[in-house]
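Let us go through this structure by question and answer, taking one region at a time. Each reply should give the reasoning before it gives the result.

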Amino acid sequence: MTEGQIVVEGLTKQYKQLRAVDDLSFTVEGGRVTGFLGPNGAGKTTTLRMLLNLVTPTAGTATIGGHRYADLSDPLRTVGAILEASSAHRARTGRNHLRVICEVAGLPARRADEVLELVGLTPAAKRKFKGYSLGMRQRLGIAAALLGNPRVLVLDEPANGLDPEGIRWMRDLLRGLAAQGRTILVSSHLLSEMEQLADDVVIIASGQLVVQGPLDQVLTSMSSGAQVRVRTPEPAKLAAALAELGASVSPSSDGAMLVAGVEAPAVGAAALRAGVELHELVAEKADLEDVFLQLTQGRAAIR
Amino acid sequence: MIRLVHAELLKIRTTKTWWIFGICLFVFTALAATFWLFLANDTINSVASGGSFLPPTSDGGPPDGGPPAGGSHELDRALVFAAANIYTAGQYFGLLFVMVLGTLLVTNEYYHQTATATFLTTPRRTSVIGAKLITAMIAAAVFWLSTTAVSLTAGAIFFSAKGYDTQLGEWPVTRALLLNGLAYALWGVLGVGLGVLIRNQIGAVITGAASYIIGTQIVQGIVFAIGLVLHEDWIFKTLVAWPAVASNVMVSTEQVYPGSPAWWVGALVLVGHAVLFGTVGTAIMRRRDIA
C-alpha cells in the first residue's frame, strides 16, 4: 500500500429513511487526480465526510494511508480537506481564521501568510470573512487545506463559485500538487472540468459504485457506440462504399455523415479506394458527459 | 490540549464578542454595586442606630444557634451581609453573560459552519469539547476578576468612608467572594453544555436566558405554591436544585429565602449540574454527525 492511498471498503450510511451510501468500495492512488463523480444526492459528500470522521459510518471503513482519519496523530499534516460547507466566522479576518487552525495544529503562524500568498489572497488577508466573494472563500478554504503541507487532499466541489480564471488556477494547482506525488480526491459535477483535470474517476449513483478506473479507460469502454463523422462532396458514393463494409450511415444535421460500425481508418481507406474526396474525418469519442449520463441514467432521481 | 485551549481563546479574542460582553458586564456590575451600596447604607445606618437586622434566620436566632444577641452582633451580621452582597455584585448578569459566552463557544461553530474545520483539525472530539469547557472557565474567571475588581474597589471605599473595616477578614465574606468565582466558572460549563444540546445559536441563547430570568421566577412560584398548599417546609428546600437559586444560595451569608439550605448545598448542587451538563455535552458531541 502506498503512503497516500485512500481505501474505502464496504462503506455504508443509513439515515432514518435513506441509505445515503450503500456498501461502497473504491481506492484512490497517490500521484494522480481522482475525480469523484455522481448526480446530486448520490452520496458523494456523505462519503467524503465519513472518510474524514465527520460522519460516523453505519458499516464499513475508510482509511488514508492505512489509518482511519480519527487515528491520525497529525491530521492536518497528512490530509487537507475542503468541504462544501467550509466556512469561517463572519467577523473574523481570513488571516486570523488560518491562525486559529495553525494554533491547534501546532504550525507556526507564518504558515498562514505563506498559504495566503500561495492562493493569492494576501491583499485580502486582513479583511473580514463576511466581505469575501464566493471565489475568495473557496481560495481561503484551499489555503486552510494546504496549511499542513499534506500529502493527501480531499476536495468537495472546489470549483463552485470560481470564475473561469479561478477554475484554471485551481486546475493548475491540483495538477501541480498531484505531480509532486500527492493524492488528490476531488468531487465535482462539472464534467467538462473533470475531463480536463482527472486521471482517474470514481462514479457513484444512489450511494453505490457505478464504475472506477483511469478516465481514458472508462471513456473507451463506454465508447462502443461511438461514431465517425465524415464530410465529403460526394456523400452517395461514399455511403455505397461504406455499405459494402457493413457500416451504417446517417446524415447529420450540419450536412456531414455519421458512420457507425467501423473505425475511422477503415472509413478513410474506403474513401481512398472509392476515390472520394474527404473534407473532414473525426472519430467521435464519447465525452465524460455522455458516459456519465449513460451510466447514471435513471439513478439520478430524487431519493 | 493546551494548544486547543490557546486556539479557543484566540477564537474569542479575534472577534468583538468578548469586549462587548465585557463592557456590558462592567456597566451592570457598576449598577448592581451601586444598588447594594445604597441598600447597605440604609441597613447599616438603621442597625447602628438600634434597629434590628433583617432578614432573621428561620429560628429567629443567629446561625450559630446561640442566644439572640444585642446590637453589636446585629451590626456585625449586617456588615458581613452587606459586604458579601457588594463584593459579589453583578453576579446576576455575570452568570448570564458567562453562560451565553459558553453557549456561543459551541453554537458559533454551527452558526458560522466552522465545526467542519474544527473537527478536521482535531478529530478527537473529546479534546475539542474539553478545550471548550476549559476555555469557558478561563473566560468566566476573567469576567469574575474584572467584576470583583470593580465591586471590591466600590465596597472598600464605601466601608472606609463609613468608618468600618472592609470585612474581607470575615470568612463568610471571603467565602462568598471565592464561591462567586466558582459560580462564574460553573456557569461557563453549563453554557457549553447548553450549546451542545441546542445547536441553533439563537435558540440556545434565548432558551438559556429565558430559563435563567423567567424560568427562575416560574420555578420559585411553583415550588412556593406547592409548599404552601401541602404545608411541608422541606419542599422549600428543594428550590436549591434550580441552578440560578443554587448560585444565589452559595454566595449569601444569610438565608436567600425562608428555609433555604446552607451555602455548601448550593455549591454542591451547582457542581452537580456542571458535571451533568459537561458529561452529557461531551457524550453527545462524540457521537454527533457534522453535516
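**Contacts, crossings and cores**

Tutor: Leaving aside its neighbours within four places in sequence, A:Ala178 is in contact with A:Gly31, A:Arg32, A:Val33 and A:Ile184. Bear in mind throughout that this is a predicted model. In which helix of chain A does A:Ala178 lie?

Student: A:Ala178 and A:Gly30 are 148 residues apart in sequence, yet their C-alpha atoms are 7.6 Å apart in space. The element that holds A:Ala178 is helix 6 of chain A, residues 164-179.

Tutor: Is A:Ala178 buried or exposed?

Student: A residue needs 20 or more other C-beta atoms within 10 Å of its own to count as buried. A:Ala178 has 21 such atoms within 10 Å, and therefore it is buried.

Tutor: Turning to chain A as a whole, what percentage of its residues are buried?

Student: The secondary structure of chain A comes to 11 helices and 13 strands, and its C-alpha trace spans about 75 × 45 × 35 Å along the principal axes. Among contacts in chain A with a separation of 6 or more, 71% are between residues 24 or more positions apart. Of the 303 residues in chain A, the buried share is 43%.

Tutor: Two residues of chain A have a positive phi although neither is a glycine, namely A:Asp23 and A:Asn53. How does A:Asp23 count, as buried, exposed or partly exposed?

Student: A:Asp23, with a phi of about 50°, is found in strand 2 of chain A, residues 19-28. Because A:Asp23 has 14 C-beta neighbours inside 10 Å, it counts as partly exposed.

Tutor: And where is A:Asn53, whose phi is near 65°, found in chain A?

Student: With 21 other C-beta atoms within 10 Å, A:Asn53 is buried. As for its place in the chain, A:Asn53 is found in the loop between helix 1 (44-51) and strand 4 (59-64) of chain A.

Tutor: Consider next how the chains meet, with 29 residues of chain A in contact with 24 residues of chain B. Which element gives the largest share of the side of chain A that touches chain B?

Student: The elements of chain A that give two or more residues to this side are helix 2 (75-78) and helix 3 (94-105). By residue class, the side of chain A that touches chain B divides into 18 nonpolar, seven polar and four charged. The largest share, seven residues, comes from helix 3 of chain A.

Tutor: Within chain B, the axes of helix 1 (residues 2-13) and helix 6 (residues 125-161) come within 9 Å. How are helix 1 and helix 6 of chain B oriented to each other?

Student: The two axes cross at roughly 55°, and helix 1 of chain B passes helix 6 of chain B in a right-handed crossing. The residues of this contact divide into nine nonpolar, two polar and two charged. Helix 1 of chain B and helix 6 of chain B are therefore oblique to each other.

Tutor: How are helix 4 and helix 6 of chain B oriented to each other?

Student: The axes of helix 4 (residues 91-111) and helix 6 of chain B come within 10 Å and cross at roughly 150°. This crossing, too, is described as right-handed. Angles over 145 degrees count as roughly antiparallel, and helix 4 and helix 6 of chain B are therefore roughly antiparallel.

Tutor: B:Thr135 lies in helix 6 of chain B. Which residues does B:Thr135 touch, not counting residues up to four places away in sequence?

Student: B:Thr135 is buried, with 24 other C-beta atoms within 10 Å. Helix 6 of chain B uses B:Thr135 in its contact with helix 1 of chain B and also in its contact with helix 4 of chain B. The residues that B:Thr135 touches are B:Val5, B:Glu8, B:Leu9 and B:Leu105.

Tutor: Finally, how many residues are in the largest nonpolar core?

Student: Among the members that touch the most others are A:Ala143, A:Val154 and B:Val189. B:Val189 touches residues including B:Leu133, B:Met137 and B:Phe277. Apart from this core lies another, of 13 residues, among them A:Val228 and A:Leu242. The number of residues in the largest nonpolar core is 156.

Notes:
Residues numbered from 1 in each chain as written. Chains lettered and ligands numbered in written order. Predicted model: local features only at pLDDT ≥ 70, side-chain atom pairs only at ≥ 80, totals over all residues. Axes fitted to C-alpha atoms, helices over the stretch in contact; angles between N-to-C directions. Helix = DSSP H or I, 4+ residues; strand = E, 2+ residues; numbered from the N terminus. Parallel < 35°, antiparallel > 145°, perpendicular 65-115°, else oblique. Left-handed = near helix turned anticlockwise from the far one by under 90°. Contact = placed C-beta atoms within 7 Å. Nonpolar A, V, L, I, M, F, W, Y, C, P; charged D, E, K, R; others polar. Core = buried A, V, L, I, M, F, W, Y, C linked by C-beta atoms within 7 Å. Buried ≥ 20, exposed ≤ 12 C-beta atoms within 10 Å, placed from the backbone.
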